[in-house]
Amino acid sequence: MITLYTDDSFCSMLKKIHILFAQKKKSKASSPEGKGQAQASPEGNAQASPVEKGQAPLGPLLAPDEAQLETREASPAHFLIKIDSFSLFEKSGISKIETMAFTAGKYKWRLVIYPNGHGTERDDDQGYVSVYLAMTNTNELPSNWEVNATFSICLFNHVSGNYVYSLGRAQRFHALKQEWGFKKFISKKDLTDPLNGYIVDDTCVFGAEVFVHKSKAVTECLSVKSVDKELPYKHEFKISNLSTLKEKWTSEEFAAGGHKWMIEAYPNGYEEETGRSLSIYLRHVVSNNRPKSEIVRPCFTARVKDQSNDLKHHQYTFSERWFSASKSAAWGWAPFIKLSSLNDPKKGFIVKDCCVIEIELSVLAAISP
């Protein structure tokens, strides 16, 4: 679920969250159980969190791919994204978040967030959240386009009510390099430590400033559904008189994960697989009741059932495709199963000229304004 705010209203909301969190912390500190005492490190020396002093953890000059952070009170000028259910990303297998586009300096931008890191092959690179700024809609720019921008990426601190910013970095964006950022923006340990206050109630807030030209802030909220609690939609479709079907077979519409879908099958194959394979696709049905800019990511499994012994089904699964609500798109497999295998009577895929397609479908994530 995405919620839009004006810059002032969103900042007011964050301040309220900060006040409530501070009151809760103060209440705990005054109770016998809530007296804060520093815990000893493995070496036996007490460790205090830098955030307790209202300061971001700063260090010496860092590598280009590692962010050096500073604390500011002001919110970012151009973009904020509130991410709910942050801990569910790893469970859901979602390794990359691309936010909605926002405008700064008459150009379109977006944040790209890797909750489990990006390009972290070395052992000492593990355990970081990676964040990048990327240009979008570059196909509308001249072939030799080039944009110079100074940008900062930030993270909201619910404890202090401030933001920690990466130091402003000037970079040149062009066709061969359309995104810049930090492989090591913040360690997952620091991000998830409740004493640091970056995540409260499994919610965190990232933001960005891009100084090509000042623009009105745009805010997005991203929610991830818990696939553990939501059972996938399951259904069997029987395609009768399979040998008489010349072109496409289409199922009736069905609802799953709050969205409408259809199954499309080409008994004689689609495009380059014509005459060679059975092709199967999942189509997202456009609905007037949903925002046009909404996108949804399903986990979809299709299987052609072995009707003879119910043991050797033929199946495939995808879970990395995003569907747009503004246009009716379909994803699937042109070479789902070879016709020679499908028509083999020993395999039981076709009985009395009938083929059974079983599907499982669940929604992993949805983004809408």
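The legends below describe views of a predicted model of one protein chain.

**View 1. The whole chain, with four helices and 23 strands.** The chain has 369 residues, and 46% of them count as buried. Its exposed surface comes to about 19,700 Å², with 50% supplied by carbon and sulfur atoms. Of the contacts between residues at least 6 apart in sequence, 68% join residues at least 24 apart.

**View 2. Confidence along the chain, from helix α1 to strand β14.** The average pLDDT is 79, and 75% of the residues score at least 70. Confidence is lowest in helix α1 (residues 7-30), where the mean is 49. Strand β14 (residues 249-250) has the highest value, 95. Over residues 1-7 pLDDT stays under 50, and the model has 22 contacts beyond four places in sequence for them. Residues 24-62 also stay under 50, with 34 such contacts.

**View 3. The largest nonpolar core, with 37 residues.** I83, W109, F173, F185 and F206 have the most contacts inside this core. Strands that each supply at least two of its residues include β2 (79-83), β5 (107-114), β10 (179-187) and β11 (204-211). Strand β7 gives the most, with five residues.

**View 4. The surroundings of F185.** Leaving aside neighbours within four places in sequence, F185 is in contact with A67, L69, V129, V131, I153, C154, L155, S166 and F206. F185 and F206 are both among the residues with the most contacts inside the largest core.

**View 5. Another core, of 30 residues.** This core lies apart from the largest one. Among its residues are I263, L339, I357 and L361.

Note on methods
Residues numbered from 1 in each chain as written. Predicted model: local features only at pLDDT ≥ 70, side-chain atom pairs only at ≥ 80, totals over all residues. Heavy atoms only, no water. Buried < 20%, exposed > 50% of the residue type's maximum accessible area, 1.4 Å probe, protein only. Contact = heavy atoms within 4.5 Å. Areas by Shrake-Rupley, 256 points an atom, 1.4 Å probe, with all protein chains shown as cover. pLDDT = per-residue confidence, 0-100. Core = buried A, V, L, I, M, F, W, Y, C linked by side-chain atoms within 4.5 Å.
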